[in-house]
Structure formats: C-alpha cells, structure tokens
Amino acid sequence: MVAGLHFESLTALPEDIEALCGLSEAEGFRFLRRLIEDWQLGHNRFNLEGEVLMGGFVDDALVAIGGINCDCDDDQLGRLRRVFVHPDYRHTGVGRALVLLLEERARQSFKRLVLFTDRPDAAKFYESMGYQAVQGHPQRSHVKRF
C-alpha cells in the first residue's frame with residue numbers, strides 16, 4: 001500500500017480536482033468533468049440517502065476519487081460512479097482500497113452494486129473484485145451482490 005494514503009468522505013470537491021480531471025481527459029475520459037459540472041450545478045453531489053463521494057489522498061494530494069449513487073430504477077441498487085486513480089498510483093492497491101471502502105459503505109443501504117465500463121482493463125479489475133459481467137444492458141456492464 002502507498003505510504004500516507006488516506007480516504008475522506010467529500011462534502012466539497014477538493015481544490016486539486018481539476019488537476020486529476022486533466023489527467024483523466026488526457027486519457028480520453030469525460031466522467032470527472034461531468035462530476036465537476038454536475039456538482040457545480042447541484043445535479044449530483046452524492047448526498048442522497050446511501051450515497052457517498054470518497055477521495056483518496058497521499059499527504060494532501062488527491063490521487064483517487066469515486067462514489068456511490070442510488071440507481072434510478074431500484075432502491076436496493078447502488079451505482080459505483082466516477083472512479084478514477086491517478087496514473088502514478090495505479091497497480092499500487094489504491095483503486096482496490098477505494099472500491100472496497102465504497103462497497104463497505106454501499107452494503108449499509110443496497111443489496112447490489114452496478115457499474116458501467118467499456119474498457120477491458122477496467123472490466124478485468126472489477127471482475128477480480130467479484131463483479132460479474134452483465135450482458136445486453138446499455139447502462140450496466142457489471143454487478144456485485146452483497
């Protein structure tokens with residue numbers, strides 16, 4: 001594990017979210033930009049019952065982020081969203097620690113957790129954590145039952 005790593009439940013976006021967002025956009029991802037825009041507009045602040053947004057920090061630097069939202073069509077279903085790990089901290093256990101922490105929080109409110117990814121490397125990561133592939137659903141690629 002990375003020395004100095006700690007996680008915090010976020011009630012405001014960290015100052016260095018833009019730097020992490022820039023790294024994600026350089027890899028072709030738009031979901032952190034959507035996180036920032038949705039937060040600023042008040043559309044999604046991960047503040048409904050059962051929801052949480054977590055930041056992973058090394059010292060004071062944001063190196064990972066991810067959250068749990070309620071899924072719109074089932075109150076027993078949570079959605080893992082906006083998970084991103086700084087490229088320098090991948091394959092160090094940071095992403096796994098973040099997802100395990102999010103799952104721990106999700107278990108308090110949900111019976112299942114879903115996510116969507118179209119990236120084979122991300123799919124392999126989630127499957128290594130016990131998520132099962134979902135076939136034929138346009139908004140869900142994986143599910144994990146608690």
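Cys21 is tucked away: its relative accessible area is 0%, so it counts as buried. Here, buried means under 20% relative accessible area, exposed means over 50%, and partly exposed is anything in between, with a 1.4 Å probe and protein chains only. Cys70, with 32%, is partly exposed. And how many disulfides does the structure hold? Zero, where a disulfide would be a pair of cysteine sulfur atoms within 2.5 Å. In general, a disulfide is a covalent bond between the sulfur atoms of two cysteines.

A word on what you're looking at: this is a predicted model, where local features need pLDDT of at least 70, side-chain atom pairs count only at pLDDT 80 or more, and totals for chains, interfaces and linings use all residues. Residues are numbered from 1 along each chain as its sequence is written, and side-chain values use heavy atoms, leaving out hydrogens and water.

Now for the chain as a whole. It has four helices and seven strands, and from the N terminus on they run β-α-α-β-β-β-α-β-α-β-β. The radius of gyration is 14 Å, close to the 15 Å that the globule rule gives for 146 residues, so the chain is as compact as a globular protein of that length. That radius is taken over C-alpha atoms, and the rule is 2.2 Å times the number of residues to the power 0.38. Helices (H or I, at least four residues) and strands (E, at least two) are DSSP runs, numbered from the N terminus.

Along its principal axes, the C-alpha trace spans about 35 × 30 × 30 Å. Buried residues make up 46% of the 146. Take the contacts (heavy atoms within 4.5 Å) between residues at least 6 apart in sequence: 62% of them join residues at least 24 apart.

Two residues have an unusual backbone angle to look at. Most residues other than glycine have a negative phi. Asp59 and His91, neither of them glycine, have positive values.

| Residue | Phi | Loop between | Relative accessible area |
|---|---|---|---|
| Asp59 | near 60° | strand S2 (52-58) and strand S3 (61-71) | 56%, exposed |
| His91 | near 65° | strand S4 (74-85) and helix H3 (94-106) | 86%, exposed |

Finally, the charges: the chain has 18 positive and 22 negative side chains, and the centres of the two sets lie 7 Å apart. Lys and Arg count as positive and Asp and Glu as negative, while His and the chain ends are not counted. Each charge is placed at NZ of Lys, CZ of Arg, CG of Asp or CD of Glu.
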